[in-house]
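Let's take a walk through this model together. Keep the viewer open and follow along.

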Amino acid sequence: MTTDPSSFLTALRLSDLFLPVGGYTASYGLEQYINEDRIESGEDLRALLAAYLRRIVGPCETAALANAHAASADGDRRRLLAVDERLHAVTMPREFRESSTKAGAKLCELLDSDATPNGANAGEGRAERTESASPAADGGDFTTAFGDAIETGATPGHYPVVFGVVTQARGLERLEACLSHAHSFVTGLLGAAQRLGRFGHTEIQSVLEALEPVITAVCERHVDDDIAAMASFAPLAEIMGMRHERAGRRLFMS
């Protein structure tokens, strides 16, 4: 199967740290690992990120993204909100939840402004589209309907869930969307590790290359998971996230 060029470019855009959704402010506990001298080498970093992929990103965020993608394809708002609620419930550290929901809201805001003609106010553009169609009722703009639910507080709007809705609307297959998100997660944490001053460009690239098979295997394993199977089991990572909330020295939001 050949990927549509527009969808491929969308995947590149959404997985790029240049995307202004705040991903560069999150380390998901990695900063605390480094502050406590638990990571001293590139091999330590590779092992930690592989564990993140296998225990958090795969069974939790990839499963959420894939189910959100499927719900969006079916126009199933109830299932989509159930995915978002489940992800919120299984994400234990407060900072992890806040980073995810802030990034989800930013992604909705960014894409909503993209779709607003002539650079008009995003809220006004959404109102105009809502008047012209009822997305929840007659299968119109499902992405806009989900954005409205986030804006009104009806659902948390976690980033993987928003990512699933957006990528489905823009023509990415489920596995492609999962790979794009997992790659973005890894490069985000590698960027955080580099900015914390422990690793150079060459070592970061070596770790990224070593993690590519793990990214692929994790996404292929969890792309068909059911909502009920969504869970994470990474006690030390969660503890590091919780300690980071009270750390006196912090460069990152999480």
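Is Arg-46 buried, partly exposed or exposed? Arg-46 is partly exposed, because its relative accessible area is 22%. For the cut-offs, buried means under 20% relative accessible area, exposed means over 50%, and partly exposed is what lies in between, with a 1.4 Å probe and protein chains only. Before going on, note that this is a predicted model, in which local features need pLDDT of at least 70 and side-chain atom pairs count only at pLDDT 80 or more, while totals for chains, interfaces and linings use all residues. Residues are numbered from 1 along each chain as its sequence is written, and side-chain values use heavy atoms, with hydrogens and water left out.

Arg-46 has a partner: its side chain meets that of Glu-43 in a salt bridge, 2.7 Å from N to O. The term salt bridge here asks for a side-chain nitrogen of Lys or Arg within 4 Å of a carboxyl oxygen of Asp or Glu. Both residues sit in helix 3 (residues 42-74), and because they are three residues apart, about one helical turn separates them. Helices, by the way, are DSSP runs of H or I with at least four residues, numbered from the N terminus. An α-helix has 3.6 residues a turn, so residues three or four places apart point the same way. Glu-43 is partly exposed too, at 48% relative accessible area.

How many salt bridges does a search of the whole structure find? The search finds five. Another one joins Glu-36 and Arg-38, with 3.0 Å from N to O. Glu-36 is partly exposed at 29%, and Arg-38 is partly exposed at 40%. These two belong to a network of salt bridges that also links in Arg-243.

Then there's the salt bridge between Arg-174 and Asp-224, whose closest N and O atoms are 2.7 Å apart. This pair links distant parts of the chain: Arg-174 is in helix 10, Asp-224 is in the loop between helix 11 (201-222) and helix 12, and the two positions lie 50 residues apart in sequence numbering. Arg-174 is partly exposed, with a relative accessible area of 28%, whereas Asp-224 is exposed at 58%.

Now for a charged residue without such a partner. Glu-238, in helix 12 (residues 235-245), is buried yet has no salt bridge. The nearest side chain of opposite charge is that of Arg-97, 8.9 Å away (Lys and Arg count as positive, Asp and Glu as negative, and His and the chain ends are not counted). Leaving out residues up to four places away in sequence, Glu-238 touches Met-92, Pro-93 and Ser-232, where contact means heavy atoms within 4.5 Å.

On to the rings. The structure holds four aromatic pairs. One of them is Tyr-28 with Phe-185, a tilted pair at 5.5 Å centre to centre with 40° between the planes. The pair ties together parts that are 157 residues apart in sequence, because Tyr-28 lies in the loop between helix 1 and helix 2 (30-35) and Phe-185 lies in helix 10 (residues 174-195). As for the rule, rings of Phe, Tyr and Trp (its six-membered ring) pair if their centres lie within 6.5 Å; planes under 30 degrees apart count as stacked, over 60 as edge-to-face and the rest as tilted. Tyr-28 counts as buried at 14% relative accessibility, and so does Phe-185 at 9%. Ring pairs link these two with Tyr-52 and Phe-96 into a cluster.

Tyr-52 turns up again around Leu-30, a residue of helix 2. Leu-30 is buried, at 0% relative accessibility. Its contacts beyond four places in sequence include Tyr-52, Ile-39, Leu-45, Leu-48 and Leu-189. The C-alpha atoms of Leu-30 and Gly-241 are separated by 8.0 Å, although the two are 211 residues apart along the chain.

Last stop, helix 9 (residues 159-169). This helix is mostly covered, with nine of its 11 residues buried; among them are Tyr-159, Phe-163 and Thr-167. After helix 9 comes Gly-171, which has a positive phi, near 95°.
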